[in-house]
Amino acid sequence: MKKATGMKFYITTAIDYVNAKPHLGHAYEKIIADVLARWHMIKGNDVFFLTGTDENARKNSEAAKSLGVPVKEFVDENVKKFIELCKKLNVSNNDFIRTTEDRHIKVSQKIFQYVYDKGDIYKGNYEGLYCIGCEKFLTEKDLVDGKCPHHDKEPEFIKEESYFFRMSKYEKDIIKLLETKRFIVPENRRKEMLNRVKEEGLKDLCVSRVGMDWGIDVPFDRNHKIYVWFDALINYVSALGYPEGENFKYWPADIHVIGKDINWFHSVIWPSILLSAEIPVPNSILVHGFVNLKGKKMSKSSGLTVNPIEIVEKYSSDALRYFLIREIPLGHDGDFSEEALTERYNNELANNFGNFAQRTISFICKNFDDKVPEGSSSKVQETVKEKIEKSEKFWEESRLREGLEEILSISALGNEYFQKEEPWKTIKEDKEKAAHCLYNCANILKDLCILFYPVIPSSCEKLAEQLKIKIDWKNLGKNLKPGHEIGKPEILFRKIEKAEEANEEPKKPDETANKFSDLDLRVAEILEVSDHPNAEKLYLFKINCGEERQIVAGIKQWYSKEELRGKKIVVLANLEKAKLRGETSEAMLLAGEEKTEKGELVGLLFVEDSKPGEKVTVNGMEPNPKKEIKFKEFKEIKMKAGKDCVLYKNKKLVTKSGETVKVEKVKEGAGIC
Ligand code: MSP
């Protein structure tokens, strides 16, 4: 890639929560940002592209705790999947920020302190609702049937001492900002925010929580942790080394790419913090819609999710990148299906662009000794020029889909031209005419290689090698000289065989939803208990659950070794194995969890008379365990403590010999995990 000489261009994505694996929505956002980053790169701009992970959220710590794993260890492990996703998608990020890094913590505290010293943060009392799923304070108005509509869960009621950010002070400035055309793209998202601020006004924001053991300390009051959104947004400047770091020259961000659900945080809260901290506000916020699966919202609970890494491994990163950009108009929701991806890949990349590349290069190699033949620009190149201008205009407005459509139509035009000119005939009768045609085709192909590059970089780099050209925006419309030598043709896009599964309807949610009968629950006797060699809070168990196995468990806080030895508990024996601090856990024990004033309380599920290895089920259900079950699947199956029993859908858990399973320590209603 050429050295940047143009303007600086700073682009970011939202930073992802690491409580679960990355999904297609995360991939979509990184792809959008990468397309824009690469486009600016080949235009010669000095690009800085940032992505990363949001690690101080409570939802991350809750997920870790439910696994009995230290939170830091859990986030360290999960972040790897997000880094892998970036690599697999071939995104060109210059940096990857993790909000548990020192460089971020320092800057977050610095800004929090600055805003406090200025008098924009004050102490008060918060009384209201909080949804951990959203990591957001809610009002009654946000609820549907008393629940958060996004997570179908009742929010927590919180009454505690908190620090508040004087956001109300910035109402006028924010309205002015939101009145700036193109501050938020697309336009309807800008109006939505502007109307909301005008209607509701800006209220002060609760920016700290007490009693948390995970998060960034409020610098002047260690009893409080900084509210996760306050620190998360700061990633955009902490990664640049605010205030003295060399990379801070990239600030303000030219584009923050985000999803529609977090527009308010970026368009209202973030600029208010920046105004208070006296840091310039970003230039624009690009809001994309959601990727759905056949019209349905992706969600863990319905089993409707797609692993982007698997899709890339099956089809290639270019196939997924092309499909998402081509299919979904930016700002709108769109659908993903393997069937539609295959259709577009085969018709548009293999049959259209790939075919044009193949026939052009093959013809030149075969008939013109691997050299671009003599010719001059014909009318078709004028049309190409118009289309390039149109596509560029679309991209300037971040209308990536429309721009890509225009580019694809150039390829179709090239094919049409080749077909009409019939060089395979004229080569025999009028070689000059055939040469003229191939001269034009070679130049159209060179332009296409540059134009398609931001969306399908791997394929275009391969094509650029064949054409022996540099991918540089300045080379658009500059014709290759006759005699320019090219390489041998290589197939760019192999057609995807339509696999049977690609034609299948996606499974209905209730078919994919996890069933209780999938679980392999068994009685297990604890044979030995020892301290985990590398983790203070964990135990290692040897159990007999019909066979001898090892378990790693985080229940030290609630049980001594003596209490545990010889106890008969209930384990999930088909949970996928996990390595926790170097020790393998080959099953998971089940326990009740209760939140009390003194903190969390955990009590084990237990039996007295049943034998180790006996299956545990609910009355009237025959277990039919899956070979392996993932933790997130297990979590969807909600059990709770009953009166002297454990319940699943109001039915008691019993062992094969009929003994009722009980739970220790926790109250009726406590969740089981
Ligand atoms: N951690 C916050 C962002 C903090 S930014 C300072 C967060 N994380 S997230 O993991 O829930 O979402 C990350 C991004 O993915 C968001 O922009 C979100 O809108 C986007 N998507 C999440 N699900 C999505 C789809 N199904 N489709 C497209 N993008 C969606 O929010």
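**Exercise 1. Polar contacts of the ligand**

Task: In this predicted model, determine which polar backbone atom lies 2.9 Å from an oxygen atom of the ligand, and describe how far the protein buries the ligand.

Solution. Begin with the oxygen atoms of the ligand. One oxygen atom of the ligand is 2.9 Å from a polar backbone atom of Gly259. A polar backbone atom of Tyr17 lies 3.1 Å from an oxygen atom of the ligand. Turn next to nitrogen: a nitrogen atom of the ligand is 2.8 Å from a backbone N or O atom of Ile15. Each pair may be tested against the cut-off for a polar contact, which is 3.5 Å between N or O atoms. Finally, consider the surface. The ligand taken alone exposes 650 Å², and the protein buries 93% of that area.

**Exercise 2. The shell around the ligand**

Task: State how many residues surround the ligand, and identify which helix gives the most to the shell.

Solution. The ligand is surrounded by 24 residues, of which Ile15, Glu29, Asp54, Asp261 and Val291 are the closest. Sorted by class, the shell comprises 12 nonpolar, 8 polar and 4 charged residues. The next step assigns residues to elements. At least two shell residues come from each of strand 2 (16-17), helix 1 (24-42), helix 7 (228-238) and strand 13 (255-259). Helix 7 makes the greatest contribution, with 5 residues.

**Exercise 3. The setting of Gln109**

Task: Decide whether Gln109 is buried or exposed, and list the residues that it touches beyond four places in sequence.

Solution. Locate the residue first: Gln109 belongs to helix 4, which spans residues 102-117. Buried means under 20% relative accessible area. Gln109 has a relative accessibility of 18% and therefore counts as buried. With residues up to four places away in sequence set aside, Gln109 touches Ile216, Asp217, Pro219, Arg222 and Ile226.

**Exercise 4. Cis peptide bonds**

Task: Identify which residues are joined by cis peptide bonds to Pro186 and Pro252, and place both prolines in the chain.

Solution. Val185 and Pro186 are joined by a cis peptide bond with omega of about 0°. Pro186 occupies the loop between strand 8 (184-185) and helix 6 (187-200). Trp251 and Pro252 are likewise joined by a cis peptide bond, with omega of about 0°. Pro252 is found in the loop between helix 7 and strand 13. Helix 7 and strand 13 each also supply at least two residues of the ligand shell.

**Exercise 5. Positive phi values**

Task: For Asp145 and Lys649, give the phi value and the location, and decide whether each residue is buried or exposed.

Solution. Asp145, a residue other than glycine, has a positive phi near 50°. Its loop runs between strand 6 (136-138) and strand 7 (156-165). The cut-off for an exposed residue is over 50% relative accessible area. At 76% relative accessibility, Asp145 is therefore exposed. Lys649, also not a glycine, has a positive phi of about 45°. Lys649 lies in the loop between strand 29 (645-648) and strand 30 (651-655). Its relative accessible area is 65%, so Lys649 counts as exposed. Glu422, which follows helix 13, has a positive phi near 45°.

**Exercise 6. Helix 13 and the chain**

Task: Compare the span of helix 13 with the expected value, then state what share of the chain is buried.

Solution. Helix 13 (residues 400-421) contains 22 residues. From first C-alpha to last, helix 13 reaches 32 Å, close to the 32 Å expected at 1.5 Å a residue. The chain as a whole has 20 helices and 32 strands. Of its 673 residues, 57% are buried.

Notes. Residues are numbered from 1 along each chain as its sequence is written. This is a predicted model: local features need pLDDT of at least 70, side-chain atom pairs count only at pLDDT 80 or more; totals for chains, interfaces and linings use all residues. Side-chain values use heavy atoms; hydrogens and water are left out. A residue is near a molecule or strand if one of its heavy atoms lies within 4 Å of it. A polar contact is a pair of N or O atoms within 3.5 Å; within protein, one must be able to donate a hydrogen and the other to accept it, and residues adjacent in sequence count only if both atoms are side-chain atoms. Accessible areas come from the Shrake-Rupley method with a 1.4 Å probe; for residues, only the protein chains shown count as cover. Helices (H or I, at least four residues) and strands (E, at least two) are DSSP runs, numbered from the N terminus. Ala, Val, Leu, Ile, Met, Phe, Trp, Tyr, Cys and Pro count as nonpolar, Asp, Glu, Lys and Arg as charged, and the others, Gly among them, as polar. Buried means under 20% relative accessible area, exposed over 50%, partly exposed in between (1.4 Å probe, protein chains only). Contact means heavy atoms within 4.5 Å. The expected span of a helix is 1.5 Å times one less than its number of residues.
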